[in-house]
Amino acid sequence: MWRTEPWLKAEVPGTKKARVLEKPGLAASMLRRAGRVLMIVGHRVSEALSSRPVSDYVADIAEALNAHIATTSLAYRSFRERGLTVAWLSPIEAAHRVTDPDWMGLDGKGCYKAVVVMGLPYYMSWLIFSGLKNFAMNVRTVSLDRFYQPHASWSLRNLTTEEWEKFLDELVEKLKA
Amino acid sequence: MSRKDLYVRVKEAATRLGVLKDVEIAVDRILYEEYEEPMGPTPMPSIKDLRSWDLTLLKRYKPFYMPFCELCCLCTFGKCDLSMGKRGACGLDMAGQQSRIVLLACCIGAATHAGHAKHLVEYLIERYGRDCPIDMGEGVGVEAPITRLVTGIRPRTLRDLEDVLEYVSNQIVHLLSCTHTGQEGSALDFESKVLHAGMVDHVAMEVADIAQISAMGFPKSDPDAPLVDLGLGTIDKSKPVIMVVGHNVPSAACIVDYLVENGLLGQVEVTGLCCTAHDVTRYNPKAAKIVGPISWQIRYIRTGIPDVVVVDEQCVRTNLIEEAEKIGAAFIATSEKNCQGLRDRTDDPVDDIVRDLIEGVEKAVLIFEPEKVGEVAVRVAMALAPKRRSYKESKASRERIIEYAKQCRRCMNCVRACPNNLPVMDAVNAAAKGDLKPLAELYEHCIGCLRCESACIADLPIHSLIVWAADERFRDEAFKVRSGRGAIKDTEIRAVGGPIVFGEIPGVVAFVGCANYAYGGRDIYEMAEEFAKRRYIVVASGCAAMTIGMYRDEEGKTLYERFPGAFDAGAVINVGSCVSNPHISGAAVKIANIFARRPLRANYEEIADYVLNRVGAVGVAWGAMSQKAASIASGFWRLGVPVIVGPHGSKYRRALLGRKDREEDWYVYDARTGKRVYGGPAPEHLFYMAENKEEAMVMIAKLCMRPSDTTKGRAIKLSHYIDLYRRYYGELPDDIHLFVRTLADIPITMKEEILAYLKEKGWKERPIPDPTLLPRLIRRRV
């Protein structure tokens, strides 16, 4: 049961909670259909999983979805080196802009239909999802971190590191397919 | 508004006009004593008087709400679900509710400082008399810049401060009433009230600090205030030890007085945490030591070293009484705001209270009279210390830690309760296998909240395990912090006002607030060091001022030993406790008044406009936790000083963000011509949450830019911004074209590279305005 509870026990959400992304395949098809995607990325993507850092997964996902990245993490350089569309934009600032329906995105070509969040402190993601849920209601929000985020539209369950890595591996594989 | 100074009641009097019966005559004090400066437009402003300024700010810096709770449970209509566009039974929407909660928090913060100030002023009047002069020391003509600016009063004695506090109390009552069901309905108007709460909070804090500086002999604007001991390692545990915690210093000061008066100085250790610690060392730097910030309370008390624990008000851990009992220490509560359910012994003879505490008849007492607290605390500490040796010398063995760790049931509750999501369970399990290193590594990142222990189903003393594992480090903490100097001298402002406004001193960076750090205290130390080395003026207060003193360089020196304490480029200054923060906002005000000769008295809007557009100052509350921190920050915002908080600051649930991509947001009036001209996104934000240290460093440098910077100043500020950005992100920032106004703005060493970038962006030169957001300040319209 605790796998679909907020990871931080006191972070009790409101009346509507995130749907759980059980399978990487479902996540991949949902993200593919989502339209223009902005990834809001925190510094914890520098964490190394068994084979590679989380930032590599972020880059793979962004590449596959042609998604843009907003980050102030030190992974910024590696995203640039991968040739991705990335802006030095703080997580809160990026979320704030998403709430503006007139914002034309990092490339000036249109607003985003979906926001994916990875690598922020749990509570910061929690608050950003809450802000988007209430003030950007037309935008689909997805958490790909390893803890359940109740204010997202879609979130992973609370996972072990190994389960999360497996999920990300499969997600990337499906997105590339 | 003012108290009555003359009151005559006549039952019957025969006069030439006739017989007067039952005549009552009351004469109020004349509040607005005339002094050389004429009264400005907004003396003692009410909620509505500065609203237009607030709305000007809020038009540029728009609130972004991140609801921390989607429900409202403040009335019996509720709970109401406000999520996703719904309204509550009272009609309020989510934005309104979030801003209402922010206002509530700021009212709590402002009321706390106002209550603190009221108690302090009343106590000081009782002790030193109403006519005790306000004296901020040599070189200080403008003794109370915030009070003069807001109220129009120039306080000369403690008695004048009572009148100022009456205004503050009035405003807080009105502000708080706005949060009742069925009052304000507009989020922006709630935000305007938040700014009002912050402004009056700065008045309250200023009153508290100038009162104690004047009457209690704290350092008076002294750049060479003495260095005082900081850290557990400075405490001689062979002596009786008194621990003082809180913010309101009279009780702690009376402990010192008793020691001095009875020739006991040096025989008893007076050790403090949080702002009382700052203020007792300001009172007597030789008689007291600082243990550390707020988050050190539990780790310190659990060493068993304190014989007596004395608490006053604010930020005191509310179950400290239980912790004191566990180590056999006596506990004394001293504030009516924090009675702890204890019996009031204020009127009992000292001998009886001392006897009861020593014999354990009572383990904790409540005493409201500071002088009595002083005597009781010292006598009890001296009597208990020899009996408590076993507590002080107890040191957890490695075996004991391992034994505890083996009881872990691997439920993960500790990790899921930890606000920093620390890998507590893994560390405990490593300890169970004999490896204490992971536990010890948590020490730096633990904020001492004890939520892990509350959640633990095996009742393990997890916080203690962490501290025991890091025992050597904790016990070796021995640093120096410069005692809080108080205000900035007018003479210092005269010397640096020009370089700050012109941008040649790249900025004033204020590290303030609590110790709720997301990644440990080292971040804030490294930030302070970086900006001091870059010759910004670094100021600090409260717990942040302690934290930046808790790290040393290769030569073993703390920042306070390495950098001077005068308000000048490359300084590291401790102004003092929480209530000393208005010396920082006051310095910005003084720059406008003393350097730029802008009228000060009751002239808030003009001064705030000046600060916003010209004074490159930024606050950093990296570990901000409390409602007080919220109201302190909002007082800075209204004055035009942006504030950056650390990740936990996002829980304040609202940012005030500018949009540099919206050119139309950044037009100002050129006061010389009245034309609206692009001033650039400077400062870009008013309330900003940084996720990591590197981001914060870049943003600090960026937020110091102001539209009025001279070309030389802008070049200096840009060089720091670009240099820091490049260090962490490996390239030029993508918004330089917004900050370069003329070719002369470009830092010489980066000229070719930046020119190429500007060409790519299609950049064109633009004029440097004499910026203002207030049409009434336009001198000549073209």
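**Close-up views of chains A and B**

**View 1. The sheet of chain A is open and has seven strands.** The strand order is β1-β7-β6-β5-β2-β3-β4 (chain A), and the pairing is parallel. This model is predicted. β1 and β4 (86-88) of chain A are the edge strands. Each of the two pairs on one side only. Inside the sheet, strand β6 (residues 140-143) of chain A and strand β7 (residues 154-155) of chain A are joined by two bridges and run parallel. Which residue of β7(A) stands opposite A:Val142? The residue is A:Trp154.

**View 2. A salt bridge in chain A links A:Glu163 and A:Arg3.** The closest N and O atoms of the pair are 3.0 Å apart. A:Glu163 belongs to helix α6 (residues 161-176) of chain A, while A:Arg3 sits in the segment before β1 (19-20) of chain A, so the salt bridge ties together parts 160 residues apart in sequence. Over all chains, the count of salt bridges comes to 74. In general, side chains of opposite charge can pair when their charged atoms come close.

**View 3. Chain B and chain A meet in an interface that buries about 4,300 Å².** Carbon and sulfur atoms give 59% of that area. Which residues of chain B lose the most area to chain A? They are B:Met84, B:Arg416 and B:Glu691, which together account for 20% of what the chain B side buries. The contact draws 56 residues from chain B and 46 residues from chain A.

**View 4. Five salt bridges cross the interface of chain B and chain A.** B:Asp661 and A:Arg97 form a salt bridge, with their closest N and O atoms 3.8 Å apart. Polar contacts also cross the interface of chain B and chain A, in 22 residue pairs. On the side of chain B that touches chain A, seven elements are worth locating: β3 (62-65), α2 (94-128), α14 (413-417), β19 (654-657), β22 (685-689), α27 (693-703) and α28 (711-729) of chain B each supply at least two residues. Which of these elements gives the most? It is α28(B), with five residues. By class, the residues of this side of chain B divide into 29 nonpolar, eleven polar and 16 charged.

**View 5. Helix α28(B) has 19 residues.** At 1.5 Å a residue, α28(B) should span 27 Å. Its end C-alpha atoms lie 26 Å apart, which agrees with that expected span. B:Gly730 follows α28(B). The phi of B:Gly730 is positive, near 75°.

**View 6. An open sheet of three strands lies in chain B.** The order is β21-β20-β23 (chain B), with antiparallel pairing. Why is one side of β21 (676-678) and of β23 (771-772) of chain B left without a neighbour in the sheet? Both strands stand at the edges and each has a single partner strand, so one side of each has no neighbour there. Strand β20 (residues 667-670) of chain B is joined to β23(B) by two bridges, in an antiparallel arrangement. B:Tyr669 has B:Thr772 as its bridge partner in β23(B).

**View 7. Two cis peptide bonds and a positive phi mark loops of chain B.** Most residues other than glycine have a negative phi, and most peptide bonds are trans. One cis bond joins B:Gly78 and B:Lys79, with omega about 10°. B:Lys79 is placed in the loop between β4 (71-72) and β5 (80-81) of chain B. Another cis bond joins B:Ala682 and B:Pro683, with omega about -10°. B:Pro683 is in the loop between β21 and β22 of chain B. Is the phi of B:Ser221 positive or negative? The value is positive, near 55°, in a residue other than glycine. B:Ser221 lies in the loop between α5 (187-216) and β6 (227-230) of chain B.

Conventions:
Residues are numbered from 1 along each chain as its sequence is written. Chains are lettered from A and ligands numbered from 1 in the order in which they are written. This is a predicted model: local features need pLDDT of at least 70, side-chain atom pairs count only at pLDDT 80 or more; totals for chains, interfaces and linings use all residues. Side-chain values use heavy atoms; hydrogens and water are left out. Contact means heavy atoms within 4.5 Å. Buried area is the accessible area (1.4 Å probe) that two parts lose on being put together, summed over both. A salt bridge is a side-chain nitrogen of Lys or Arg within 4 Å of a carboxyl oxygen of Asp or Glu. A polar contact is a pair of N or O atoms within 3.5 Å; within protein, one must be able to donate a hydrogen and the other to accept it, and residues adjacent in sequence count only if both atoms are side-chain atoms. Helices (H or I, at least four residues) and strands (E, at least two) are DSSP runs, numbered from the N terminus. Ala, Val, Leu, Ile, Met, Phe, Trp, Tyr, Cys and Pro count as nonpolar, Asp, Glu, Lys and Arg as charged, and the others, Gly among them, as polar. Two strands pair if DSSP finds at least two bridges between them. The expected span of a helix is 1.5 Å times one less than its number of residues.
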